[in-house]
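User: I'm new to this one and would like a friendly walk through it. Could you put it up so we can go over it together?

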Amino acid sequence: ASVRTVADIHSSLWRKLISNAVGGGIAVLARRGNALFRGDAEALGLARALGEEVLAVARADGALLDDSVLDVLLTTLGQGSAHPPSIVVDRIAGRPTEWVERNRIVVDKGREHGVQTPLNRMLATLIRVGEPVRAE
């Protein structure tokens, strides 16, 4: 493993969250790895629209990110790794997922900053309602 220091951890964390919220969010609903994006212009279009909302929230929260962050994300998703994100692995195994930290946070931060996030709100809701019911 290699370690790299960054001058702006806040922006770096938002860059990672954009990837997790978008790629993982779509993949968990499809219950597939990111291979689902390979050659699928509609899936990549949805990823871009979701990413634009997350990027707007990130910027409102003080992250210094330019539009290229979405281009890099779409290129990576378009290469379509068959390895599923951890949120997909947990969903398939019937375990609770980290959807709050990956997806609801975008909606909450958007509300806090006055940024509309209708696509991310819908995505977070769909992930939430698919969570396993906990025995009481």
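User: Thanks! Which residues make the nonpolar surface patch of about 350 Å²?
Analyst: Quick heads-up first: this is a predicted model. To join a patch, a residue needs over 30% relative accessible area. The nonpolar patch here covers about 350 Å², and its members are Leu29, Met122, Leu126 and Val129.

User: Which helix gives the most to that nonpolar patch?
Analyst: Look at the stretch from 118 to 129, which is one helix. It supplies three residues to the patch, the most of any contributor, and its name is H6.

User: Is Val129 buried or exposed?
Analyst: Val129 belongs to the patch, and its place is in helix H6. The cut-off for exposed is over 50% relative accessible area. Val129 has 53% relative accessibility, so it counts as exposed.

User: How are H1 and H6 set relative to each other?
Analyst: Helix H1 runs over residues 9-30, and its axis comes within 10 Å of the H6 axis. The two axes cross at roughly 45 degrees, and the crossing is left-handed. An angle like that falls outside the parallel, antiparallel and perpendicular ranges, so the pair counts as oblique.

User: What is the angle between H2 and H5, and what is that arrangement called?
Analyst: In general, two packed helices are described by the angle between their axes and the distance between the axes. Helix H2 (residues 41-60) and helix H5 (residues 99-113) have axes 9 Å apart, with an angle of about 55 degrees. That angle makes H2 oblique to H5. As for handedness, H2 passes H5 in a left-handed crossing, so to name both things you asked for: about 55 degrees, oblique.

User: Is Asn103 buried or exposed?
Analyst: Asn103 sits in helix H5. Buried means under 20% relative accessible area. Asn103 comes out at 0%, so the word is buried.

User: How far apart in space are Asn103 and Gly80?
Analyst: Along the sequence, Asn103 and Gly80 are separated by 23 residues. Going from C-alpha to C-alpha through space, the distance is 21 Å.

User: What is the phi value of Arg31, and where is that residue found?
Analyst: Arg31 is in the loop between H1 and H2. At 45% relative accessibility it falls between the buried and exposed cut-offs, so it counts as partly exposed. Its phi is positive even though the residue is not glycine, and the value is near 55 degrees.

How values were computed
Residues are numbered from 1 along each chain as its sequence is written. This is a predicted model: local features need pLDDT of at least 70, side-chain atom pairs count only at pLDDT 80 or more; totals for chains, interfaces and linings use all residues. Side-chain values use heavy atoms; hydrogens and water are left out. Patches are made of residues with over 30% relative accessible area and no salt bridge: like charges are joined within 9 Å, nonpolar side chains (Val, Leu, Ile, Met, Phe, Trp, Tyr) within 5 Å. Accessible areas come from the Shrake-Rupley method with a 1.4 Å probe; for residues, only the protein chains shown count as cover. A salt bridge is a side-chain nitrogen of Lys or Arg within 4 Å of a carboxyl oxygen of Asp or Glu. Helices (H or I, at least four residues) and strands (E, at least two) are DSSP runs, numbered from the N terminus. Buried means under 20% relative accessible area, exposed over 50%, partly exposed in between (1.4 Å probe, protein chains only). Axes are lines fitted to C-alpha atoms, for helices over the stretch in contact, and angles run from 0 to 180 degrees between N-to-C directions. Angles under 35 degrees count as roughly parallel, over 145 as roughly antiparallel, 65 to 115 as roughly perpendicular and the rest as oblique. A crossing is left-handed if the near helix is turned anticlockwise from the far one by less than a right angle, and right-handed if clockwise.
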